[in-house]
Protein chains: 2
Amino acid sequence: MILIGERINAGFKDIKEAIMNKDGDTIKNWAKIQADAKATYIDVNMGTASKDPATLCWMIEQVQSVTDLPISIDNNKADILKEAIPVCNKPPIVNSTTAEAAKLDLLLPIVAEHGASIIGLSMDEEGSPPNAEKRVENAGKIFEKIMEYGIPPEHLFLDPIVMPLKFKQEQAAAIMEATAQFKFFSDPPCHIVCGLSNISIGAKHKKLINRIFCTMLIANGLDAVILDITDKELVDAILTAELFMNKQIYADSYIEAFGS
Amino acid sequence: MILIGERINAGFKDIKEAIMNKDGDTIKNWAKIQADAKATYIDVNMGTASKDPATLCWMIEQVQSVTDLPISIDNNKADILKEAIPVCNKPPIVNSTTAEAAKLDLLLPIVAEHGASIIGLSMDEEGSPPNAEKRVENAGKIFEKIMEYGIPPEHLFLDPIVMPLKFKQEQAAAIMEATAQFKFFSDPPCHIVCGLSNISIGAKHKKLINRIFCTMLIANGLDAVILDITDKELVDAILTAELFMNKQIYADSYIEAFGS
C-alpha cells in the first residue's frame, strides 16, 4: 500500500502559521513524525497561506532536510509545479488534476518531462460525479491522455472522489464500484488512490468510519491512500486488509514488523 | 446484517460441562448475553458432548426460556433435526449441509416441511474447495436443489468456506470472489453467511483479523455471519460497513442506537 501522509497542509492551523512565520521546525517535525509512522510519500500543501511558488519550494526543502521520502505536491497550478518539481530529490506525485482536457494538456507535459506521477480525480468541469459510470468515464479520459503523453500507467493514481458519508451516503456504493472498475484500464494497472478523510466529514465516529471505508475500498482494489498516518488503528486495518489481498505474506507479527 | 451468536457450542469448555451436568443456567446465561448484544439468531451446538437428540432439544428449550430469538441448529443429522426443529418456537436455520446430493436429498425435505432456512456450505465430498470457481459450482448445486424442493432463495444461506489466513492465505481472494458471485444466483438473492472465526485460527491478532475480513466480505455482499457477538469492535465494524452498503440510514449515533 502506498501511504501518503496528509498532515503538512495549510488547512491545519499549525502549518498555516508555520508558513506565515517561516517556521521550518514545525514542518520538519511533521515530516519526521510521518516518516517514523512509515509514510511512503509526504504530501505538501500551502493552501491559501501563500500563492508564491517559492513558499512551496521552501516547504519541500524543509521536508527533504529530515527525510529521504518522496513528496506529493498538493497543487494543480502549472506555473507553481514547474518550479516545485525540480526542487524534489525524487520523482514526486502531482496532486492533482481533474479530467478536463485543458487541464490535462497543461499538466501532463510537465509530469511526463520529470518522470513524475499524478493523481487523476475522476471529476470534470461539471463537478463531482453522481454515479460510478461518470467516474469511470472521467477516469477513462484521464487514462487516454496519459497514454497520449507517454506516461506509464504506474505513474497514474486514479481517484474515485470520496464524498462524505453523512451527506452523500448513496455515493458510497458508486465509489466502491468505480474503484473496482479502475483496475481494468490496463495490465499492469494504474494505482487507485483516495483522500480518505473526506468520508467522515461531519460524522461523529470519524476514525471508525475512515478505517472501515478504507478497508472496503482495499477490497475493491484501492492500493494508495492519502491519510492520517499517525492513526495507528487505521494503519493496522490497512496492513491486515493487504494480507487478504495477498499483497504481503502473513506472519504472526505483521503489525509489529511494520513498526509504525 | 443477520448476526448468528456462536457461543452455545460444546467446543467451549463451559458449554460442554453444562451439557454433561444438565446445567441449564450456563446455557441460559449465554443466551441472554448474546440476546442483549443484539444477536439475530442463537446457534446451538452439542458437538461431541452428546449424540442424543433429546440433549439438543433440551439446549434449545433452555435458550427459548430466556429469549424469543430464533435458533440456528448446528447439526447436520436428519434424525436429530427431525426432533429438534419441532421444538423451535420460530423457524430455525439448519447449520448446515454440504453440496453432496445425498445429503441435500436427506435434509432439504425436512427444511422445506418446516419452513426452516439452511446454511449451504460450498464444499462437496472432495472437501474444501481450492478456488472460487469450485465454490461457485458447489453453491450452484445447492441452489438448484433448493429450487427443486420449493425452498425460497431467502431461506438459503450460502457459505463460501472461510479458511485460516495463517495456513491458507491464498484462499482469501477466492473466498471474497465466491462471495461476490453468490449474489447473482437469483433476484432477490439468497443470503451469504460465513463462520468468521475460522479466518483467525492460529493467528496472533485474532480480533483485528476477524473484523477486517468481515468488513471485506461485507463489501463483497456478505449479509449474515456466525460470530462472537460480544466482540464490540467487530459489531461496530459491521454496523459501519452496512452504512456503506446502504443497508442502514446514517445517523451520527448509529453505534449507540444499535445498543449492543
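Trainee: What covers the buried residues of helix 9 of chain A?

Mentor: Start with the terms. Buried means under 20% relative accessible area, exposed means over 50%, and partly exposed is in between (1.4 Å probe, protein chains only). Helices (H or I, at least four residues) and strands (E, at least two) are DSSP runs, numbered from the N terminus. Now the case. The cover from chain A includes strand 1 (2-9), helix 8 (206-219), strand 8 (224-227) and helix 10 (254-258). Chain B adds helix 7 and its own helix 8 (206-219) to that cover. Cover here rests on contact, that is, heavy atoms within 4.5 Å.

Mentor: A word on the basis. This is a predicted model, where local features need pLDDT of at least 70, side-chain atom pairs count only at pLDDT 80 or more, and totals for chains, interfaces and linings use all residues. Residues are numbered from 1 along each chain as its sequence is written, chains are lettered from A and ligands numbered from 1 in the order in which they are written, and side-chain values use heavy atoms, leaving out hydrogens and water.

Trainee: How many residues of helix 9 of chain A are buried?

Mentor: 11 of its 13 residues, so helix 9 of chain A is mostly covered. The buried run includes Leu234(A), Asp236(A), Glu242(A) and Phe244(A). Next comes Asn246(A), which follows the helix with a positive phi near 60°.

Trainee: What span should helix 9 of chain A have?

Mentor: The expected span is 1.5 Å times one less than the number of residues. For the 13 residues of helix 9 (residues 232-244) of chain A that gives 18 Å, and the end C-alpha atoms are 19 Å apart, which agrees. Try helix 6 (residues 132-148) of chain B as well: its 17 residues should span 24 Å, and its end C-alpha atoms are 24 Å apart.

Trainee: Which residues of helix 6 of chain B are buried?

Mentor: Among them are Ala132(B), Arg135(B), Asn138(B), Ile142(B), Phe143(B) and Ile146(B). Their cover includes helix 5 (101-113), strand 5 (117-121), strand 6 (156-159) and helix 7 of chain B.

Trainee: How do the two chains relate?

Mentor: Superpose them by least squares on the C-alpha atoms of residues with pLDDT of at least 70 in both. Chain A then lies on chain B with an RMSD of 0.0 Å, after a turn of 180° and a shift of 0.0 Å along the axis. The copies are therefore related as by a two-fold rotation axis. Both use the same surface, as 100% of the contact residues of chain A recur in chain B. Met216(A) is the residue of chain A closest to the axis, at 2.7 Å (C-alpha).

Trainee: How much space lies in the largest pocket?

Mentor: Rolling a probe the size of a water molecule over the atoms shows where empty space is left. On a 1 Å grid over the protein atoms alone, a pocket is an open set of points where a 1.4 Å probe fits, with protein on both sides within 12 Å along at least five of seven lines; lining residues have an atom within 4 Å of a point. Points are joined across faces, edges and corners, and the volume is the space filled by probe spheres set on them. Here the largest pocket holds about 580 Å³. It has 22 lining residues, and those closest to its centre are Ala180(A), Lys183(A), Ala219(A), Asn220(A) and Asn220(B). Helix 7 (171-182) of chain A and helix 7 (171-182) of chain B are the elements that give two or more residues to the lining. Helix 7 of chain A gives the most, with 5 residues.

Trainee: Where is Ile151(A) found?

Mentor: In the loop between helix 6 (132-148) and strand 6 (156-159) of chain A. Ile151(A) counts as buried, at 2% relative accessibility. Beyond four places in sequence, Ile151(A) contacts Leu108(A), Val111(A), Ala112(A) and Ile146(A).

Trainee: Which residues does a cis peptide bond join, with omega about 0°?

Mentor: Asp187(A) and Pro188(A). Pro188(A) sits in the loop between helix 7 and strand 7 (191-192) of chain A. Another cis bond joins Asn95(B) and Ser96(B), with omega about 20°. Ser96(B) belongs to strand 4 of chain B.

Trainee: Is Ile161(A) buried or exposed?

Mentor: Buried, with a relative accessible area of 9%. Ile161(A) is not a glycine, yet has a positive phi of about 65°.
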